[in-house]
Amino acid sequence: MTDTSVRIDGNTLRLPGGAAVRFVRTLRLPETGTHALPPGLGEFPVRRVSDYPDTVPEQWRARGGVMLPVYLREAMWLSFGGTVEPAALQVGVGKVCAVSGKPWSDHLARDPQNYVVLPRQPWLDGINSGKGTVRQFVAVPLGLGATVEGQVTGEEVWGGVQLQSFRLVEERLSQWRQAQQRMRSASGPGMGYGAAMPMAMAAPPAPGGAPRSAPSMGLGVGGSMRQEVYRDDRPLSDWADTPAGRVFVHLVTPPEWRRITGEAPPPSPVDRAAYTRAGLPWFDYYDQDAEDLAPADPLGEVKPVGEWLGDDHEPWQQPTPQQVKPLGDAPGKPVEDGDW
């Protein structure tokens, strides 16, 4: 029987079929202009909901999955480094597809494409705004209407992040493995798609009741950055009809994280102006062999969270050209799934 379990490996979610996903803390971009890729500032800690049955909200237990702590207006990106075999990964924000802007679906689709292709897509920093850009993922509470979910659907019901992976059909997977073996034999060891991407700096170490409702968090958008969401160059028939695995990722405020888990949340996010003044690197990534997806119509009108919360940053100082660095091309218990 095929294992459909999602597992946590450190802070990495490993979905069936080899897809690996990490949630990475980062600098929040200005909401005007188009910018280089911000750096990674360490991973968000990830915990299984089922490990805290006495302190998580009842609704979370019903949905299963995992949780991570995030500050109001904190930005994040999803890293897929470490993915070992091809996978089609759907990414939902409040059950709105971050690639197509369409409602969450249990099936892969084209026209518009509703998934990213791993390991070709090394990361995803935000919703697909097309023309070589994405709009940054930024955490906001439900109830304001500022989330992607609220703006696209008119409701804020789900929040969080949803992930669902699909494998290649057996014949295509076998062909891919054979091609990889031939490449390794011809070129020797080297850095492949599945290798981890460099991190700019590590986050500093964190300082050392009954279930109730918790403040629900979702993802809105911030500034725009140069990043392509790649078009799948395989026919849709190469992918399985049904998902290999899925997981619901709950976003929890730092005070609730401490109450639920007993752990100190990560420190407050780094200030981007101080980061840039220190001369630390930003990044640029481009795959000349891949084709970017067209803009997703439902996502094109999504407004940044500053429309609701105002601008809380000092004027932006662009990094110097020398600071923008070009980048080259499961243990543990299973995570319990639920109804969502």
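Student: In this predicted model, is Ala88 buried or exposed?

Tutor: Relative accessibility settles that kind of question, with buried meaning under 20%. Ala88 counts as buried because its relative accessibility is 0%.

Student: Where does Ala88 lie in the secondary structure?

Tutor: Ala88 belongs to strand E9, which covers residues 87-93.

Student: Which residues does Ala88 touch, leaving out those up to four places away in sequence?

Tutor: Contact means heavy atoms within 4.5 Å. With that sequence filter, Ala88 touches Leu108, Tyr115, Val116, Gln164, Ser165, Phe166 and Trp239. You can also look at a C-alpha to C-alpha distance: Ala88 and Asn114 are 9.3 Å apart in space and 26 residues apart in sequence.

Student: Let's try Thr12. Why does Thr12 count as buried?

Tutor: Thr12 has 10% relative accessibility, so it counts as buried. You will find Thr12 in strand E2, residues 12-14. Not counting residues up to four places away in sequence, Thr12 is in contact with Arg7, Ala20, Val21 and Arg22.

Student: How many residues does the largest nonpolar core have?

Tutor: That core has 50 residues, and the ones with the most contacts inside it are Leu13, Phe23, Met76, Leu163 and Val249. Another core, of nine residues, lies apart from it, and Tyr115, Leu168, Leu173 and Trp176 are among its members.

Student: What does Val249 touch, again not counting residues up to four places away in sequence?

Tutor: Good one to select in your viewer! The contacts of Val249 on that basis are Leu13, Phe23, Val66, Leu68, Gly160, Val161 and Leu163.

Key: Residues are numbered from 1 along each chain as its sequence is written. This is a predicted model: local features need pLDDT of at least 70, side-chain atom pairs count only at pLDDT 80 or more; totals for chains, interfaces and linings use all residues. Side-chain values use heavy atoms; hydrogens and water are left out. Helices (H or I, at least four residues) and strands (E, at least two) are DSSP runs, numbered from the N terminus. Buried means under 20% relative accessible area, exposed over 50%, partly exposed in between (1.4 Å probe, protein chains only). A nonpolar core is a set of buried Ala, Val, Leu, Ile, Met, Phe, Trp, Tyr and Cys residues joined through side-chain atoms within 4.5 Å.
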